[in-house]
Every structure is written in structure tokens, then in C-alpha cells.
Amino acid sequence: MKIALEYASEEKFNVKRQTEYAVKGITKIVNKIGPRKPGSPEEHRAQQWFEKDMKNYCEDTKIEEFTLHRQGFMGFIPFTVCCGVISVFLNWFVSPIAAFILCILAFIPLVFEFLMYKQFDDFLFPKQTSHNMIATRKPSGEVKKRFIMIGHSDSQFEWPINYLIGGLQAKLFVEIPAVVGLVIQTIFALVCIIVAKGGAANTITSARWFFILFFVVSIVFIPFEISFIFFQSWTKSVPGASDNLSGCYVGMATIKALAEAGIRFENTEVVMICSGSEEAGLRGSKAYSKAHEQELKDIPTVVVALDTFRDLEDMAVYDRDLSGTLQHHKGVKELVHDACANCGFDVSYESIYIGGCDAAPFTQRKIPATGFAAMNPDPPRYYHTRLDNVENLRPEAIEAGIGIMIEAACMFDKSGAEGVTD
């Protein structure tokens, strides 16, 4: 830490004690509450524990509810798979036009829900109630700036294939082949439309072996597509110790450290949000940013999404989000990056190429934000599996996260962030 030491000594911040607090809290929630699927009573109970804890360090705490359809985010998978598989045989035996239409229908929810995190097909699924916990440490004077940290309190439904063969292997041997297969089937249907002029592919006589080969290749990819149906459990969620109780506690421990060091900023409000249903498509951060958009824009505000502090060697500030389609705020990225440097960590700017984090809904609404995490992007075998347990925690990564966020909060209080308070 560099700027933070202008506010208090390292002994007063005592980051190691805050790390012990975080690990103890994570252990308690995992052991006594357990998995916390989006919009579940367990998710809410964890947030109630967070709120009770934060009352010791914050003047204002509350829990806000919102509605969601948690299976909307991944519930399209059986539909997409069925469309892809049926299209192969429609193309060959019936009509490439019908096959092409099915392929397009298969891609639509895949792109809008899974890649873009749009609430595209949510209305087709049952409704649940989820919550966001918000804890606010007020400044001593007028609120002129706001520093927000956000981490999600829910845990994902288990991804069994990740558990069985590992995240990287699942990506290489299931996810990518399934999508490639659907792309090939779409191209095959389009080619047949042009050549067969609406007739079935098996009626094509010119270059017949080429089309037979295309048909066989399409069939080869079918098992990969079918396996995608078993990509996620629909009933069992995981402990979520690192993803993302670690992120929640990095933020809460930062506020606790400021309070115990006797630091109350003069004009900077510090907020910690433990969001709900991030694993169901960023639904908690979407709900909060929408409900509070105007007040977040009334004064200079920055948002840092904290998501998984486990793989210290992969710690990074996120430059792009929502499958690489959304660019975060330059000033906030640099604020966190410089805080890392001041704490002795040389981190890189990375992109989330598939998926998103809780910073994305804020950036979409033009509220300056970025993501910050320490997780192997392969992803690791513990990602969204039962192995994301207390035994798999790495306290040194949590300690680094706490120290960096203390530094970032102090830096923002002292100098703001480029493009935010200037």
C-alpha cells in the first residue's frame, strides 16, 4: 500500500486479521448455510448474515428484493440442442430451408442469453424472488463521491462436465465442439439451399460425395451437442467458497478495515453490495443499477465488481466484458490497476471472452465500472463444481484483494479517477 498509508499505518489496517475474518466468514456460510442457488432462501439467508455483520461498520444497511426467472439464463440449452440435431436430418431428408430456420432459432437464445446476458427468454420460466444486500459507510461531511464494491452472494448450479474432466477440457471437448457443430450445420443448410434450390440435400447429384461428407461431419458433431444438455445440473448448486464468497468478503473486509483503522472519508461514501443471482445472468446487478441509476449519476461514482479471489497468479483487471463486447471505463480500470501496482502486484488488463461479471450492467448504463478478480480463466476444475469449497480457498489471494481494495478506496478519496471526478 502507498496512498492508504497516508490515512493510517499498516498495523491499523491489519490486512492479515481482515483475511482471517474473511476466511472464517466464508467457512461459516459454507458449513451452516451451504450452496446458495440464485433466488433461493439460502442466498437470502447469507445476505442477512452479511447485513448483520456490516451493521457494525456501516450507518446504513438494507436488503432490496427483485424478481427473476433463474432458469432463463441456461434453460434454452435443450431447445438449442434439439434444433441443431433435428436440423441435420431435416436438411438431408426434407428441406434445407427448414433446417436453416431451425439453426437460426438455435443460435438466437444462445447469443442473447448466454453471450449477451439479455433477459430474452426469461418469461418462459418460473419466477423467483432474489435480493441485493447494500451496506453504506457514510463520510463525515457531504457526500461528493461514491466508491462501490460489488460481489455476488449466490453460487452456480453445478457444471458436472467441468467436475468430471476439468474446465479447460470441458471447453475444448464439449462447449467449443458443440458450437462448431451448430455452425457447420448452419453452413451446410445454407449451401444446400443454394445448390438444391429448396430440395432435400440427398437429392443433389452434382458433387454428391462432397454433400455426403458434409452430412457425415454434421452427424459426428451431434454427440457433442447432446452432451451440452448435461453441461449444467438443474437442481444441485455448489458451495461457492471462492466464487464468490471470496469477492463478497474482500469488499466487506475492506469496509471493516477502514472502520477499525478509524478512517472515515470526508466526502467519499463507501458502499458494499452483495448481489443476488449473478449466476443467473447478472440479475442482481441489473436490478440494482436500474433501480438506482439516477442517484448513481447524481454524484461521481465508480463501481468495482469483485469476483473470485483464488488464483493469485491470474489476478487481473477486466478491460472488456459480456463476452468481449463491452468495454469498461478507462479511469476506473486504471484506478484499480494502479492500486495493484502500489500494493506490489503487476497485473494485466484482461477480457471476459465468454460470460460477464457484475460490472457489466453498470457500464451499460454509463456508470463508470470495471471488474477485478484472481481466477484462472481456463477455467479451473473447481469452477462451478463441488470442488469450490473451503478446503480449496487460498487466503493469500483474499489478502491481496483486501489490501488492493483498501488502496483503491483511499486513492479514489484522495484523487478521484480519470474521467469520473475531473
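**View A. Leu 322, in the loop between strand 6 and strand 7 (326-327).** Let us start with a backbone detail in this predicted model. Leu 322 has a positive phi of about 50°, although this residue is not a glycine. For context, most residues other than glycine have a negative phi. Strand 6 (315-321), which comes before this loop, is also one of the elements that give two or more residues to the lining of the largest pocket.

**View B. Ala 207, in the loop between helix 7 and helix 8 (208-220).** Here is another positive phi outside glycine: the value for Ala 207 is near 50°. Helix 7 (167-196), on one side of this loop, turns up again in the views of the largest cavity and the largest pocket.

**View C. The cis peptide bond between Asp 243 and Asn 244.** Omega is about 10° at this bond. Asn 244 lies in helix 10, which covers residues 241-260. As a reminder, most peptide bonds are trans.

**View D. The cis peptide bond between Asp 378 and Pro 379.** At this bond omega is about 5°. Where does Pro 379 lie? Look in the loop between strand 9 (369-374) and helix 15. While you are in this part of the chain, find Pro 377, one of the residues that lie nearest the centre of the largest pocket.

**View E. The largest pocket, with a volume of about 820 Å³.** The lining is made up of 35 residues. Which of these lie nearest the pocket centre? They are Ile 352, Ile 354, Met 375, Pro 377 and Tyr 383. Helix 7, strand 5 (301-309), strand 6 (315-321) and strand 8 (348-351) are the elements that each give two or more residues to this lining. Sorted by class, the lining holds 17 nonpolar, nine polar and nine charged residues.

**View F. The largest cavity, with about 120 Å³ of space.** In total, three cavities of 30 Å³ or more are found. The walls of the largest one are formed by Phe 76, Ile 77, Thr 80, Val 81, Leu 110, Ala 178, Val 179, Leu 182, Glu 225 and Phe 228. Helix 4 (77-93) and helix 7 (167-196) are the elements that supply two or more residues to this lining. By class, the lining comprises eight nonpolar residues, one polar and one charged.

**View G. The second largest cavity, with a volume of about 50 Å³.** Around this space you will find Pro 38, Arg 70, Gln 71, Phe 73, Met 74, Gln 156, Phe 157, Gln 232, Glu 279 and Ala 280. The class count for this lining is five nonpolar, three polar and two charged.

**View H. The crossing of helix 2 (residues 15-32) and helix 15 (residues 395-415).** How do these two helices pass each other? Their axes come within 9 Å and cross at roughly 125°, and the pair is therefore oblique. The crossing is right-handed. On the helix 2 side, the contact uses Val 15, Lys 16, Gln 18, Thr 19, Ala 22, Val 23 and Ile 26. Helix 15 meets them with Pro 395, Ile 398, Glu 399, Ile 402, Gly 403 and Ile 406. Taken by class, the contact residues are eight nonpolar, three polar and two charged.

Technical notes. Residues numbered from 1 in each chain as written. Predicted model: local features only at pLDDT ≥ 70, side-chain atom pairs only at ≥ 80, totals over all residues. Heavy atoms only, no water. 1 Å grid on protein atoms, 1.4 Å probe; cavity = no way out; pocket = protein on both sides within 12 Å on 5 of 7 lines; lining within 4 Å. Points joined across faces, edges and corners; volume = space filled by probe spheres on them. Helix = DSSP H or I, 4+ residues; strand = E, 2+ residues; numbered from the N terminus. Nonpolar A, V, L, I, M, F, W, Y, C, P; charged D, E, K, R; others polar. Axes fitted to C-alpha atoms, helices over the stretch in contact; angles between N-to-C directions. Parallel < 35°, antiparallel > 145°, perpendicular 65-115°, else oblique. Left-handed = near helix turned anticlockwise from the far one by under 90°. Contact = heavy atoms within 4.5 Å.
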